[in-house]
There are 2 protein chains.
Amino acid sequence: MPIRKQKEFIEAVQEAAEQPLKQDHLLSLVGYNCRRAYLTIVPLFDERMAQYNLKPAEFSVLSLLKANPNITQKRLSAAVNVSPPNLAIMLDKLEQRGLVLRQRNPLDKRSQTLILTEAGTELCMQSERTTGELEAEATAMLTDQERAQLLGLLQKIFVRE
Amino acid sequence: MPIRKQKEFIEAVQEAAEQPLKQDHLLSLVGYNCRRAYLTIVPLFDERMAQYNLKPAEFSVLSLLKANPNITQKRLSAAVNVSPPNLAIMLDKLEQRGLVLRQRNPLDKRSQTLILTEAGTELCMQSERTTGELEAEATAMLTDQERAQLLGLLQKIFVRE
DNA sequence: TATTGTTATACTCTATAACTATA
DNA sequence: TATAGTTATAGAGTATAACAATA
């Protein structure tokens, strides 16, 4: 590299090191911002939910089954965005842990209906309490009104009519 | 199963099949809503950005390098939430494609500074235009004011002071 | 001794194809 | 023939440990 270019390069590197990070375009994208916000909440989720040995997707399944007893795996699969093969494996584990019960659907023996066991219901109630608390902490910088507004705006994006 | 229980079960399954899905608790969680909104935008991103052969993380890197020429891998790694080992591999690919240039930092030869090549800059400009368009479509149900509000609320969650 | 970046590797998550049993 | 669920497997994404070069 010629000396003149070299000098310019050093100055540019120095300049770059001193500048705060610019990310105007990325910060204008809803998708990027959703991901960033999600990624700040997840570690707290993992930390607080470790006591129940529940991952985010597993918690979603339990919460959905508590609110919708006897739904089929098909509907559950669509609701939690977990493909049937992966859901089957997750349900195997939850069933082995005695949290979930699979029953043949008497109205259509191809499908299976799902309910929480008593232990599953209890664990779900505890973990819903914990998620409520952890969420409140993770979004403590928002007023109740802002938080409600945020939920409403996000749901406009993904709730189907 | 006794006949009486069996009859109750069939009724419960029928009832469940007719009910709309209840997901009150999940919909009250910011983290869950962020993820759901993100997951509705990503497929459109993948579809529109396939022409550039850019994944979300790769696009973030290009956009950040365009706005912050000559920053180090260390800072970039922190900014895009990609661990140094994984960033190294991603940069190998981007460098092989002639989009990015790595240079030893003359001020500290442990680190490397990064800039976009001319081709990288051009691809970044095109893809930023595309992301802008795709985002507008994915969030077309929001008014401009709502969209700005949403970005502001999300950033309150993850922007560090 | 600490830091930047790399290599190798493993683990989790997600996606796909082929199979079964029912309809 | 089509559908619900399963099995097996592969791929993408992410995380960790150990190393080389430099400070």
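Start by selecting Ile71(B) and Leu114(B): the two are bridge partners, with Leu114(B) sitting in β3(B). Keep in mind as you click around that this is a predicted model.

Now widen the selection to the strands around that pair. β1(B) and strand β3, residues 112-116 of chain B, run antiparallel and are joined by 2 bridges. Add β2 of chain B and you have an open sheet of 3 strands, ordered β1-β3-β2, with antiparallel pairing. Which strands are at the edges? They are β1 (71-72) and β2 of chain B, each of which pairs on one side only.

**Over to chain A**

Hop across to chain A and show its strands. Here too you'll find an open sheet of 3 strands, in the order β1-β3-β2, and the pairing is antiparallel. The edge strands are β1 and β2 of chain A, since each pairs on one side only.

Zoom in on β1, residues 71-72 of chain A. This strand pairs with β3, residues 112-116 of chain A, in the antiparallel sense over 2 bridges. Pick Ile71(A) and look across to β3(A): Leu114(A) stands opposite. Then pick Thr72(A), which faces Thr113(A) in β3(A).

Keep Thr113(A) highlighted and turn to the other edge strand. β2, residues 100-104 of chain A, runs antiparallel to β3(A), and 5 bridges join the two. One residue to click on there is Gln103(A), whose bridge partner in β3(A) is Thr113(A). While you have the strands on screen, it's worth showing some side chains: in a regular strand they alternate between the two faces of the sheet.

**A stop in helix α1**

Next, select Lys7(A) and Glu11(A) and show their side chains. They meet in a salt bridge, 3.9 Å from N to O. Why look for these two together? Both belong to helix α1 (residues 3-18) of chain A, and because they are 4 residues apart, about one helical turn separates them. Over all chains, the count comes to 20 salt bridges.

**The annotated domain**

Select residues 23-159 of chain A. The unreviewed UniProt entry places the feature "domain: HTH marR-type" on this stretch. Color it by secondary structure: the chain is 68% helix and 9% strand here. If you mark the C-alpha atoms at the two ends of the stretch, they are 29 Å apart.

**Where the chains meet**

Finally, bring both chains into view and color them separately. How many residues of chain B are in contact with chain A? There are 69, and they touch 69 residues of chain A. Between them, the two chains bury about 6300 Å², with 68% of that on carbon and sulfur atoms.

Try picking out Glu146(A) and Lys156(B). Their side chains meet in a salt bridge across the chains, at 2.8 Å from N to O. The count between chain B and chain A is 2 salt bridges, and there are also 20 residue pairs in polar contact.

To see what chain B brings to the meeting, select the elements that give two or more residues to its side, among them α1 (3-18), α3 (30-49), α7 (118-138) and α8 (144-158) of chain B. Which one gives the most? That's α3(B), with 12 residues. For a last look, color this side of chain B by residue type: it divides into 36 nonpolar, 22 polar and 11 charged residues.

Notes. Residues numbered from 1 in each chain as written. Chains lettered and ligands numbered in written order. Predicted model: local features only at pLDDT ≥ 70, side-chain atom pairs only at ≥ 80, totals over all residues. Heavy atoms only, no water. UniProt positions renumbered as here; feature names shortened; annotations may be inferred. Contact = heavy atoms within 4.5 Å. Buried area = accessible area lost by both parts, 1.4 Å probe. Salt bridge = Lys/Arg side-chain N within 4 Å of Asp/Glu carboxyl O. Polar contact = N/O pair within 3.5 Å; in protein donor to acceptor, adjacent residues only side chain to side chain. Nonpolar A, V, L, I, M, F, W, Y, C, P; charged D, E, K, R; others polar. Pairing = 2+ DSSP bridges.
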